[in-house]
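Biologist: Before I use any of the descriptive terms, I would like to see what stands behind them. Please show me the model and we can go through the terms one at a time.

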Amino acid sequence: MTRFNLTYFDFDGGRGEPIRLAFHIGGIGFEDVRLKFPQFQEAQPSFRFRALPVVEIDGRQITQSNSILRHVGKLAGLYPTDDLQALYCDEVMDAVEDLNHAVGKTFGLKGDAMKQAREDFVKGRLATYIKGLDELLARGGGQYFADGRMTVADLKVFVETRNLAKGILDHVPTDIVEGLAPALAEHRDRITNDPRVVAYYAR
Ligand SMILES: N[C@@H](CCC(=O)N[C@@H](CS)C(=O)NCC(=O)O)C(=O)O
């Protein structure tokens, strides 16, 4: 049996969480290694690109969150077999990565510099990406992004929109998704209430 070992930070968000969800939903056993930041710093040289998530598959280290999520999605039955639907799925996942990189640039800033950077982010890239994702949801039929069912693209967006609503990012309004894209907020609630997702958080 293939052995999976996923290493990510110890919180229910970010680039690692959709992968954890996909493993669970697919009923695929994996070791869920959760690092606190000092543990990450100590172990960082052992990660190929000095970043997380990484997954080890039978001891071989694989990096890049979307590549890992796509692979686990295939194993879990959460990735389309139709090429066009798979492309829809990939587009959504890569758009979320653009957003992750944009918000990453505001980390580490302090005081007024942070406030200004976050306000610019809210009016600029974040608004653009929320509206863009809303369009992609409509293209998928309004309920899911691809394949007319929940796929890894939905898990990736859900983790992001839920984090925005949690208020984890200072100076980002928690109702920004509701305000700009009500259908995307409904999508977050739809995935939150999916019995497979409910079961994961109830475990
Ligand atoms: N392209 C990579 C980016 C990975 C990445 O930047 N991960 C962040 C956490 S979400 C990280 O490890 N940051 C710590 C650092 O770069 O020092 C991926 O998609 O996995």
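What follows is a set of questions about terms, each answered with a value and a definition.

Biologist: What should I know about the model and its numbering?

Modeller: This is a predicted model: local features need pLDDT of at least 70, side-chain atom pairs count only at pLDDT 80 or more, and totals for chains, interfaces and linings use all residues. Residues are numbered from 1 along each chain as its sequence is written, and side-chain values use heavy atoms, with hydrogens and water left out.

Biologist: What makes a stretch a helix or a strand here, and how does the span of α3 compare with what is expected?

Modeller: Helices (H or I, at least four residues) and strands (E, at least two) are DSSP runs, numbered from the N terminus. Helix α3 covers residues 65–76, which is twelve residues. The expected span of a helix is 1.5 Å times one less than its number of residues. From first C-alpha to last, α3 reaches 16 Å, close to the 16 Å expected. Glycine 77 follows α3 and has a positive phi, near 75 degrees.

Biologist: Why is proline 38 called exposed?

Modeller: Buried means under 20% relative accessible area, exposed over 50%, and partly exposed in between (1.4 Å probe, protein chains only). Proline 38 has 55% relative accessibility, so it counts as exposed. Proline 38 is found in helix α2 (residues 37–43).

Biologist: Why is aspartate 58 called partly exposed?

Modeller: The relative accessibility of aspartate 58 is 33%, so it counts as partly exposed. Aspartate 58 lies in the loop between β3 and β4. That hairpin has two residues between the strands, and aspartate 58 takes a positive phi near 50 degrees.

Biologist: What does aspartate 58 touch?

Modeller: Contact means heavy atoms within 4.5 Å. Not counting residues up to four places away in sequence, aspartate 58 touches Met1, Thr2 and Arg3.

Biologist: What makes β1 mostly covered?

Modeller: Five of the six residues of β1 are buried. Helix α3 also has buried residues: Ser65, Asn66, Ile68, Leu69, Arg70, Val72, Gly73 and Ala76. Their cover includes α1 (17–25), β3 (54–57), β4 (60–63), α4 (83–104) and α6 (152–166).

Biologist: How do you know which strands pair, and in what order do they lie in the sheet?

Modeller: Two strands pair if DSSP finds at least two bridges between them. Five bridges join β1 to β2, and these two run parallel. Strand β1 (residues 4–9) is joined to β3 by four bridges, and this pair is antiparallel. Four bridges also join β3 to β4, again antiparallel. The result is an open sheet of four strands in the order β2-β1-β3-β4, with mixed pairing.

Biologist: What makes β2 and β4 edge strands?

Modeller: Each of β2 (31–35) and β4 pairs on one side only.

Biologist: Which residues stand opposite one another across the strands?

Modeller: Threonine 7 stands opposite valine 33 in β2, and its bridge partner in β3 is valine 54. Valine 54 in turn has threonine 63 as its bridge partner in β4. Leucine 6 is partnered with valine 55 in β3, and phenylalanine 4 stands opposite isoleucine 57.

Biologist: Why are α1 and α3 called roughly parallel, and α5 and α8 roughly perpendicular?

Modeller: Axes are lines fitted to C-alpha atoms, for helices over the stretch in contact, and angles run from 0 to 180 degrees between N-to-C directions. Angles under 35 degrees count as roughly parallel, over 145 as roughly antiparallel, 65 to 115 as roughly perpendicular and the rest as oblique. The axes of α1 and α3 come within 9 Å and cross at roughly 10 degrees, so the two are roughly parallel. Their contact is made by Pro18, Ile19, Ala22 and Phe23 of α1 and Ser65, Ile68, Leu69, Val72 and Ala76 of α3.

Modeller: For α5 (residues 111–139) and α8 (residues 182–192), the axes come within 9 Å and cross at roughly 70 degrees, so this pair is roughly perpendicular. Here Ile130, Leu133, Asp134 and Leu137 in α5 meet Ala183, Leu184 and His187 in α8.
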